[in-house]
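Trainee: I am new to this structure and would be grateful for a close look at a single part of it. Please choose one residue, describe its surroundings, and then show how that part relates to the rest.

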Amino acid sequence: MSSPAGTLRVRGTVAVTVCAGIVGVAAVTVVPWSYHPRIHATPIWAAILLALSCVGELAYVRMRHGTSFEDLTVYEAVVVASVLLLPPAAAMLVPLVALLAASAILRRRLVKTVFNLGSYAASTSAMVAIYTALAGGQQPFSARSVGAVVVAAGAFAAVNLLALATVLSATEQSTLTSVIRAEWRLSAFMAIGNVALGAVAVALAMQTPVLLPFASLPALTLGYAYRAVARGADERARTGHLVALGGMLATGSPPERVLLDVANVVQQAFDASAVRALVPSRGWIVTVPDGADRATGQVEIVDADGGDELGMVQLQLVLGQRSGVPGARPWQGKPRRLSDSEKALLTSIVQMLASAVGTAVHAHALREETAKLASVVENASDGIVVLDGRGTVVLWSPALAAITGRDASTVVGTRSTRREPLSTLAEVLGATVVEALPPVDLTKALRPDQPCAAVALTVRRPDGDERHLRASVSALFGADSMLQKMVVIVHDVTADERLSRLKNDFVATVSHELRTPITPIKGYARLLATRGAAMDDEQRSRALRVIEDRADHLSRLVDDLLLASKMSVDGLGGIPMDLAAHDVVALVRHAVGGVSNIAERTVLDVPDGELVARCDPTRLNQCLTNMLTNAQKYSPPATPISVRVWSDDEAVTIAVADEGRGIPADELERIFHRFHRVEDPMTMTTDGTGLGLFITRELARAMGADISVVSELGVGSCFTLRLQVLPVAASAA
Amino acid sequence: MRSVLVVDDEPNVRSLVRDVLELNGYQVREASSGGEALTAVDSQPPDCVVMDVMMPGLSGIDVLAELRSRPVLDALPVLLLSAADDDHSTWAGWRAGANCYLTKPFDPDMLTAWLLRLSTDDAQAD
């Protein structure tokens with residue numbers, strides 16, 4: 001009766017059964033039956049039969065129907081005796097009164113009592129009516145009356161079976177016919193047994209009452225048969241539960257879930273009112289049903305050593321409280337004890353449970369570990385590819401997808417046609433190997449005793465992009481020394497290689513830049529030392545002038561290098577700034593004056609008054625000098641260099657424009673990068689370290705300013721520096 | 001008195017070489033680029049050329065290759081004066097047909113010694 005719909009069906013069935021019973025009782029009592037006057041139809045016999053019916057109902061054997069139970073009794077035998085001995089109305093009423101009394105003693109639930117009364121009223125009235133109608137005025141145990149009692153008992157069993165099947169089909173959610181198919185043999189067997197028992201008892205009582213005790217023999221036989229049937233049903237149900245248990249243990253659920261499922265099954269299989277499953281070492285306690293009061297029943301503890309680090313797993317069963325209203329004492333107050341076979345079974349279950357919980361714990365740990373590894377693979381910046389022994393890709397990490405431009409979904413499962421691991425790798429990566437260092441044959445290099453190798457690879461992707469990769473190859477060999485798996489961790493060093501090339505270029509540039517001024521310095525110094533006396537005054541003074549000028553140049557170069565290295569190490573924090581309000585116009589004039597050979601080319605367009613902005617005058621001068629010398633360097637000697645200064649509400653802007661060769665559009669941002677030069681350092685036509693604009697922009701930013709550039713090839717370039725205007729209060733101060 | 005053509009884009013280096021050579025009695029002409037050097041050689045071949053390698057436009061190696069491709073000038077003594085002292089650059093200079101490869105910064109006495117040696121070789125070859 002799990003669902004509301006099921007409950008309604010059961011109630012409907014009970015109502016119909018009760019109605020049928022009332023109709024039956026009414027029919028039997030109202031119809032003026034003609035029957036053979038019963039010889040023993042006395043109140044004493046009625047009382048004896050009442051008592052026997054009651055006892056017959058109380059001595060039941062409980063039989064399982066899925067989750068519900070049916071009580072198998074010898075009540076029907078007493079009904080048969082009543083029908084044979086009592087007048088129709090009494091034969092019907094006596095068993096019903098006995099049934100009511102037995103239900104009261106057993107404290108059966110009201111709905112069950114009402115159903116039983118209705119069902120037995122209907123079946124008994126049918127039996128009484130059929131027997132009386134068929135036997136007519138015949139004596140008991142004439143051929144006709146025996147035939148009548150067999151037919152009547154058959155009708156009794158049929159009506160009972162129908163009522164039982166109807167209510168079971170409602171509670172078990174199965175069809176009426178399937179229940180009847182499953183139950184008809186038992187009903188027929190009960191009918192025959194009860195007719196035999198009832199008839200034998202009556203015959204003995206009528207002929208030789210002294211032999212009556214022997215009538216208990218068929219009763220015992222019947223009871224024994226009932227027990228066998230009930231045990232069979234129990235075994236079937238238990239087998240079903242154990243099969244379910246096997247399924248549950250194999251699901252790979254979390255350990256706590258396994259405990260709960262097993263406790264539920266054990267509760268049903270052993271008909272326990274509560275089950276607790278405990279794993280003391282883990283502190284797990286699972287109680288089924290949740291919150292059951294263990295004090296109401298006996299707790300039987302079955303211990304089993306799990307045999308692993310989990311230690312002990314326990315199952316505690318609360319047995320004995322088998323029926324009745326929760327809280328009310330059942331009549332068989334004695335707790336049920338587990339039989340030896342049940343204990344053995346339970347011990348096996350506990351052992352299985354312990355191993356299942358152990359497995360579940362390991363599986364859980366494994367899943368967590370796997371998840372951890374998966375997240376490592378997911379988040380690793382290095383690409384990871386795993387190939388099986390036949391070169392099939394089984395794992396392709398997201399980083400590798402980024403490096404190769406090929407998604408995991410398109411690669412996993414594909415198989416290389418190559419045999420040599422390096423070619424396999426290249427094929428898998430979708431690239432051709434340009435160069436491999438060391439140029440090893442991995443088929444030979446990877447051996448069970450030396451399963452790792454590192455290779456620096458230069459590969460070309462299908463899109464022509466060349467990548468520098470560092471691959472760590474680890475091979476896993478099986479017992480037969482056959483390659484089983486190859487794990488390759490691919491580190492993309494293309495960016496590092498580019499940076500390294502940039503640095504090499506920078507070193508070449510810097511060494512050239514440093515050596516260039518040293519040549520005249522050292523040369524003139526040596527000349528003065530060895531041939532000074534032979535030189536005339538003009539030669540000597542030129543020599544000294546060149547030495548001084550080149551030394552100054554060197555010193556500026558070294559300053560730039562130090563500044564740039566400070567910027568790279570400390571960021572802007574490394575450059576001390578002395579920010580205050582200064583007249584930018586004056587600073588621009590000063591900067592132009594400081595660059596040699598530029599004054600005559602410069603077209604100055606500045607306002608007459610002051611333009612005050614926030615800056616560090618020394619650093620601003622450095623920026624302006626860089627901008628001016630760049631304009632000078634990268635434009636033909638005779639062309640003008642225009643310097644404009646203007647202001648708006650927010651900024652004072654300085655623009656330096658030349659009419660030089662211009663800068664390619666794709667270089668416009670990169671010219672501000674450290675070490676970057678538009679020209680190849682080996683063939684460049686102008687000197688410079690590639691640091692000027694980098695330093696200028698970093699200094700400008702440190703002053704809260706910014707530098708930008710617009711340029712057109714062959715027309716010229718214009719660099720613009722915007723300095724923040726100070727707030728009025730600050731500038732006044 | 002022998003004439004020397006000094007080719008270098010760096011004016012300070014040109015003036016240094018000029019001073020060194022003039023003090024040793026050479027007649028010096030200057031060219032500030034590879035192109036100028038070829039023009040100068042064409043107009044009046046010098047007895048010897050002292051030439052920088054890394055120059056804008058035509059490099060010293062380019063000019064040397066051009067000179068060596070001309071039948072009249074293939075024996076003209078050329079001394080390369082380069083800032084690049086790595087093996088690769090040195091070999092490139094020698095392979096292009098330089099008679100001498102000196103690296104900057106250079107010793108003025110070494111330069112004049114080599115020039116003397118080259119002129120002697122030249123005289124012997126004649």
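Mentor: Arg14(B) is located in helix H1 of chain B. The model is a predicted one, and every value below is computed from it. Arg14(B) has a relative accessible area of 13% and is therefore classed as buried, since buried means under 20%. The side chain of Arg14(B) reaches back to the backbone oxygen of Asp8(B), at 2.6 Å. Once its neighbours within four places in sequence are set aside, Arg14(B) is in contact with Val6(B), Asp8(B) and Asp9(B), and also with Glu30(B), Ala31(B) and Ser32(B).

The helix that carries this residue deserves attention next. H1(B) has 13 residues, which at 1.5 Å a residue should span 18 Å; its end C-alpha atoms are 18 Å apart, so the expected and the modelled span agree. H1(B) is mostly covered, with 10 of its 13 residues buried. Arg14(B) is one of these buried residues, and others include Asn12(B), Val13(B), Ser15(B), Leu16(B) and Asp19(B). Just after the helix, Gly25(B) adopts a positive phi of about 85 degrees.

H1(B) belongs to a chain whose secondary structure comes to five helices and five strands. Read from the N terminus, these elements follow the order β-α-β-α-β-α-β-α-β-α. Of the 126 residues in chain B, 53% are buried. Among contacts in chain B between residues at least 6 apart in sequence, 60% join residues at least 24 apart.

The helix also has a part in the meeting of the two chains. Here 22 residues of chain B are in contact with 23 residues of chain A. The size of an interface is often given as the accessible area lost when the parts come together. Between chain B and chain A the buried area is about 2000 Å², and carbon and sulfur atoms give 60% of it. Seven residue pairs are in polar contact between chain B and chain A, counting pairs with both residues at pLDDT 80 or more. On the side of chain B that touches chain A, the elements that give two or more residues are helix H1 (11-23) and helix H5 (108-125). H1(B) supplies the largest share of that side, eight residues. By class, the side of chain B that touches chain A has 11 nonpolar, four polar and seven charged residues.

What charged pairing joins the two chains? Across the interface of chain B and chain A, four salt bridges are found. In one of them, the side chains of Arg550(A) and Glu10(B) meet, with N to O at 3.7 Å; this pair qualifies because the limit for a salt bridge is 4 Å. Arg550(A) lies in helix H16 of chain A, which covers residues 537-570. At 11% relative accessibility, Arg550(A) counts as buried. Apart from its neighbours within four places in sequence, Arg550(A) is in contact with Pro517(A), Pro520(A) and Ile521(A) in chain A, and with Glu10(B) and Asn12(B) in chain B. Asn12(B) is also among the buried residues of H1(B), the helix in which Arg14(B) has its place.

Conventions: Residues are numbered from 1 along each chain as its sequence is written. Chains are lettered from A and ligands numbered from 1 in the order in which they are written. This is a predicted model: local features need pLDDT of at least 70, side-chain atom pairs count only at pLDDT 80 or more; totals for chains, interfaces and linings use all residues. Side-chain values use heavy atoms; hydrogens and water are left out. Contact means heavy atoms within 4.5 Å. Buried area is the accessible area (1.4 Å probe) that two parts lose on being put together, summed over both. A polar contact is a pair of N or O atoms within 3.5 Å; within protein, one must be able to donate a hydrogen and the other to accept it, and residues adjacent in sequence count only if both atoms are side-chain atoms. Helices (H or I, at least four residues) and strands (E, at least two) are DSSP runs, numbered from the N terminus. Ala, Val, Leu, Ile, Met, Phe, Trp, Tyr, Cys and Pro count as nonpolar, Asp, Glu, Lys and Arg as charged, and the others, Gly among them, as polar. Buried means under 20% relative accessible area, exposed over 50%, partly exposed in between (1.4 Å probe, protein chains only). The expected span of a helix is 1.5 Å times one less than its number of residues.
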